[in-house]
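Trainee: I would like to learn how to read the features of a model one at a time. Please take me through this one.

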Amino acid sequence: EAFIKNYGKIFHEPEAVRPRQDTIEHGLKAKFSKAFLVQNVSKKTSFNPIMFHDVEVYLDELLLQCSMVDDQFQTDAQNIFSSHPNPESVAFRRGPLKQLQRCKMKAETDYCIEKYPTSACLVDIVRCTVIF
């Protein structure tokens with residue numbers, strides 16, 4: 001029970017502070033604000049411009065940027081851990097980029113109560129594993 005209460009406090013309360021791609025230095029900002037999309041897209045259609053821009057436009061651009069920095073991230077991370085005082089005790093494994101469908105699912109479910117764009121909450125797209 002305590003775990004569930006703490007989980008809610010950490011991951012589901014809007015006032016919880018979490019890193020976002022659109023608030024960090026050199027992070028990706030949405031091209032259109034939520035207000036702009038609401039004001040400029042016809043209300044006579046079932047098309048959801050906010051969701052579309054979030055998980056189709058913003059997320060695609062985020063994944064593209066992540067794929068561009070992946071090699072350098074992996075090289076830098078490997079160099080950091082290879083300088084460990086006992087490098088034989090450290091195993092570095094390059095991780096795959098998080099797949100588009102998994103990113104969409106997380107944006108639409110795990111981060112659905114976060115502010116727009118919810119895809120900005122994805123901060124674990126470029127990954128690696130280090131075993132000591």
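Mentor: We go from the overall fold to a helix face, then to salt bridges, backbone geometry and the surface. Keep in mind that this is a predicted model.

Trainee: How many helices and strands does the protein chain have, and what pattern do they follow along the sequence?

Mentor: The protein chain has 4 helices and 2 strands, and along the sequence the pattern is α-α-α-β-α-β. Of the contacts with a separation of 6 or more, 73% are between residues 24 or more positions apart. Buried residues make up 29% of the 132 residues.

Trainee: Next, the helix face. Which residues of H4 are buried, and where do they fall around the axis?

Mentor: The general idea comes before the case. An α-helix has 3.6 residues a turn, so residues three or four places apart point the same way. In H4 the buried residues are Cys 103, Lys 104, Lys 106 and Ala 107. Viewed down the axis of H4, these buried residues fall within an arc of 165°, so they line one face of the helix. Their cover includes H3.

Trainee: Lys 104 is on that list. Which residue does Lys 104 meet in a salt bridge?

Mentor: In general, side chains of opposite charge can pair when their charged atoms come close. Here Lys 104 meets Glu 56 in a salt bridge, at 3.0 Å from N to O. This pair links distant parts of the chain, with Lys 104 in helix H4 and Glu 56 in helix H3, 48 residues apart. Lys 104 counts as buried because its relative accessible area is 14%, under the 20% cut-off. Glu 56 is partly exposed at 28%.

Trainee: How many salt bridges are there in total?

Mentor: The count comes to 8 salt bridges. One of them joins Lys 31 and Glu 61, with the closest N and O atoms 3.3 Å apart. Lys 31 lies in the loop between H1 and H2 and Glu 61 in helix H3, so the pair ties together parts that are 30 residues apart in sequence. Lys 31 is exposed, at 55%, while Glu 61 is partly exposed, at 23%.

Trainee: Which residues are linked with Asp 70 in a network of salt bridges?

Mentor: Asp 71 and Arg 94 are linked with Asp 70 in such a network. Within the network, the side chains of Arg 94 and Asp 70 meet at 2.7 Å, N to O. Arg 94 is in strand E1 (residues 91-94) and Asp 70 in helix H3, so this pair ties together parts 24 residues apart in sequence. Asp 70 is buried at 7% relative accessibility, whereas Arg 94 is partly exposed at 45%.

Trainee: Now the backbone. Where is the peptide bond that is cis, and which residue other than glycine has a positive phi?

Mentor: Most residues other than glycine have a negative phi, and most peptide bonds are trans. The bond from Tyr 116 to Pro 117 is cis, with omega near -10°, and Pro 117 sits in the loop between H4 and E2. Phi of His 26 is positive, near 65°. His 26 lies in the loop between helix H1 (2-11) and helix H2 (34-40), and is exposed at 74% relative accessibility.

Trainee: Is Glu 114 buried or exposed, and which side chain does Glu 114 contact?

Mentor: Glu 114 is buried, at 12% relative accessibility. A polar contact of 3.3 Å joins its side chain to that of Arg 18. Glu 114 is in the loop between helix H4 (100-108) and strand E2 (128-131).

Trainee: Last, the surface. Which residues make the nonpolar surface patch of about 310 Å²?

Mentor: Leu 64, Met 68 and Val 69 make that patch. Met 68 belongs to helix H3 (residues 49-82) and is exposed at 58% relative accessibility.

Terms used: Residues numbered from 1 in each chain as written. Predicted model: local features only at pLDDT ≥ 70, side-chain atom pairs only at ≥ 80, totals over all residues. Heavy atoms only, no water. Buried < 20%, exposed > 50% of the residue type's maximum accessible area, 1.4 Å probe, protein only. Contact = heavy atoms within 4.5 Å. Polar contact = N/O pair within 3.5 Å; in protein donor to acceptor, adjacent residues only side chain to side chain. Patch = residues over 30% accessible without salt bridge, like charges linked within 9 Å, V, L, I, M, F, W, Y side chains within 5 Å. Areas by Shrake-Rupley, 256 points an atom, 1.4 Å probe, with all protein chains shown as cover. Salt bridge = Lys/Arg side-chain N within 4 Å of Asp/Glu carboxyl O. Arc of directions from axis to C-beta.
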